[in-house]
Amino acid sequence: MSKTKITSFFQTYERMSLFTITTNCLLSLLGGFVSLKLIQEYIPIFIQRGHYGNDQCKVSNAPIPEPMGVITAAVYLIIMFIFIPFPFLEWTYTERLFPHDKFLAFLSAIISICTAILLGFADDMLDLRWRHKLLFPTLSSLPVLMVYYVQGSSTTIVVPKIARSIVSFLGFEMTTSLDINLLYYVFMGMVIVFCTNSINIYAGINGLEVGQSLVIASSITLYNVIQLYRLQDPIECWYNWLSIYFLLPFITTSLILYNFNKYPARVFVGDTYCYWAGMTLAVVAILGHFSKTAMLFFIPQAFNFIYSTPQLFHLVPCPRHRLPKFDSKTDTVGMSFAEFKKSELDRFGQWVVTILSTIGLLFKEDFNNDGEKWIRLNNFTVINLVLKFVGPVREGTLTKLLLLLQVFSSILAFIIRFFLARILYDVVL
Ligand code: UD1
Ligand code: MG
C-alpha cells in the first residue's frame, strides 16, 4: 500500500482509533495465548529450580510454583513493547506535529511498570523489608509524576459544595476549584505507593490477588469507555484510550493467570503480580487524569489497609502470615489469630483494641497461660473480618464472597462518581 493511501486511510480520528484499538485487542489475545502456553511450560521448571510455596490452606503440602506472575508480567511487557508504535502511526502518516508529550507519557508508564515488576520479583526472592517496599515505589513514581508536571497537567481540585458553604458561613469567599499544586503530586505519589502495596496485603487465599485486580481493571476500562462517550476534548479522550491500551493486555494475561491460581491453586502469583497489577492500575489513573475516581475502585483495599494499620505499625503484634486458618477436619478456613501477653499492648494499642471490639469489628478473647494474662485477637485483615461474620467456609467460597464484595464496591464507586458527585459538587465532572 502506498504512503498516500495509508495517509488517506488514517485521515479521520475515528478510523485511527478503531485501527489502534483493534491492534491492541489482537495483541491482548495473543498475550493471553502466549501466557497460557508459557505457564504450562514453566510449571515444572519452577518446581525443579525450587521456586515454589506451600499452600497453607490445603491438606496436602504439595509445592505450588511461585512467583508465576513474573511470566505473565514478562509477556505483558513484550506485548506493550510491540504495541508502542501503533498509537503514534497517525502522526507518522499525516503531516501533523509528532506529540512528544503523549509519547513520553506512554514510555514513562512502561518505566514505572517495569520497576514495579523488578521490585516484586526482588521481594519474592529476598523478602524485602517494609521500608524498602515503601521507598522503592515512591521513587519509581517519579517518571510518571515528571511527565505529569512537564505536560502542565492540572493540579486543581473541585471543592465540594458543603465545604464552600462552611467557608462562606465563616465569612470568607472560596472559588469552585482550588489549585493545590505540590500537594497534588504528594497525593499522586501516595496513590502509587498505596496501589502497589494494597493488593499484596489483601491476599493469602487462592485467586484473590488476581481476582480483585481483574475486577478493578475491568471497572476502570468500563469507566474509560463511558468517558470516551461523554467527553468531547480529543486530548482527554486520548488519555482514556491510553488507559484502555494498557489495561486490555493486562486483563487478558491476568485472566489466564486467574485460571491457574483460582481454587484449588495450581500456581501462586507472588508479589511480582501484586506490584505489577497495582502499578499498572495507578499509572493509567494518573496519566488518564482520573486518580481520584480510580481510588473509588479500591474501597475494599483502602478499608483493608486502614484496618491493618494497628498490625502494620506494630501497635499489635503482626505474625509473618495473616492468612486464614485451615481446618483439615472440615476442609474449611476460619479466622486466624494473633496471641500475645496482655502486657505487650501499650495504652494506645489497648484503646484501639477496645474500640474495635466494642463496635464488633474485632474478635477478642482473654485467657490465662502459665499464670499470665494473654489475649487472642483476629488478624486485622478484611478476609478475617468477613470470616468473623460468616464463620468458617470453604476457601473457594471465601474467594467468591470477597470478589463479590469487590464487584459491589465497583458498583458503589460508579454510583458515587456519576450520581453523588453531581450532588456534592454542583458542577458536572
Ligand atoms: C502478605 C501479607 C501476609 C499474607 C501473605 C499471603 C501483610 C502485611 N502481609 O505478605 O499477611 O499471609 O501476603 O499472600 O498483610 N499463600 C497461600 N495461599 C494463597 C496465596 C499465598 O497459602 O492463595 C501462602 C503461600 O505459602 C505462599 C505465601 O503465602 O508461598 C506467599 O506469601 P508472600 O506473598 O511472600 O507474603 P507477603 O506478601 O510478604
Ligand atoms: Mg505477597
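1. Let's start with charge. In this predicted model, the protein chain carries 32 positive and 27 negative side chains. If you mark the centre of each set, the two points lie 4 Å apart.

2. Next, the overall build. You can follow 17 helices and nine strands along the protein chain. The C-alpha trace spans about 85 × 70 × 35 Å along its principal axes. How does the radius of gyration fit with that of a compact globule? A compact globule of 429 residues would have a value near 22 Å, and the protein chain has 24 Å, which agrees.

3. Now look at what is inside and what is outside. Buried residues account for 49% of the 429 in the protein chain. The surface that the protein chain exposes comes to about 21,100 Å², and carbon and sulfur atoms supply 67% of this area. Contacts tell you about the fold as well: among those between residues at least 6 apart in sequence, 75% join residues at least 24 apart.

4. For a close-up of the interior, find Ser112 in helix α5. Is Ser112 buried or exposed? With a relative accessibility of 0%, Ser112 counts as buried, because the cut-off for that word is under 20%. Setting aside neighbours within four places in sequence, the contacts of Ser112 are Ser140, Pro143, Val144, Met279 and Val283.

5. The metal site deserves a careful look. Which residues coordinate the magnesium ion (ligand 2)? They are Asn200, through OD1, and Asp271, through OD, at 2.0 to 2.1 Å. Asn200 sits in the loop between α9 (182-198) and α10 (208-230), while Asp271 belongs to helix α12 (residues 270-287), so this pair ties together parts that are 71 residues apart in sequence. Asn200 counts as buried at 17% relative accessibility, and Asp271 is buried too, at 14%.

6. Before the next two points, here is some background to keep in mind. Most peptide bonds are trans, and most residues other than glycine have a negative phi.

7. With that in mind, check the cis peptide bonds at two prolines. One joins Glu66 and Pro67, with omega about 0°. Pro67 lies in the loop between β2 (63-65) and α3 (69-83). Another cis bond joins Tyr263 and Pro264, where omega is about -10°. Pro264 is in the loop between α11 (234-261) and α12.

8. Finally, turn to the backbone angles. Asp127 is not a glycine, yet has a positive phi of about 50°. You will find Asp127 in the loop between α5 (100-126) and α6 (130-140), and a relative accessibility of 47% makes this residue partly exposed. His289, also not a glycine, has a positive phi of about 60°. His289 lies in the loop between α12 and α13 (291-296) and is partly exposed, with a relative accessible area of 30%. Both values fall in the range used for "partly exposed", because that label covers what lies between the 20% and 50% cut-offs.

Conventions
Residues are numbered from 1 along each chain as its sequence is written. Chains are lettered from A and ligands numbered from 1 in the order in which they are written. This is a predicted model: local features need pLDDT of at least 70, side-chain atom pairs count only at pLDDT 80 or more; totals for chains, interfaces and linings use all residues. Side-chain values use heavy atoms; hydrogens and water are left out. Donors are N, O and S atoms within 2.8 Å of the metal (3.2 Å for Na, K and Ca); water is not among the atoms, so sites may look incomplete. Helices (H or I, at least four residues) and strands (E, at least two) are DSSP runs, numbered from the N terminus. Buried means under 20% relative accessible area, exposed over 50%, partly exposed in between (1.4 Å probe, protein chains only). The radius of gyration is taken over C-alpha atoms; the globule rule is 2.2 Å times the number of residues to the power 0.38. Contact means heavy atoms within 4.5 Å. Accessible areas come from the Shrake-Rupley method with a 1.4 Å probe; for residues, only the protein chains shown count as cover. Lys and Arg count as positive and Asp and Glu as negative; His and the chain ends are not counted. The place of a charge is taken as NZ of Lys, CZ of Arg, CG of Asp or CD of Glu.
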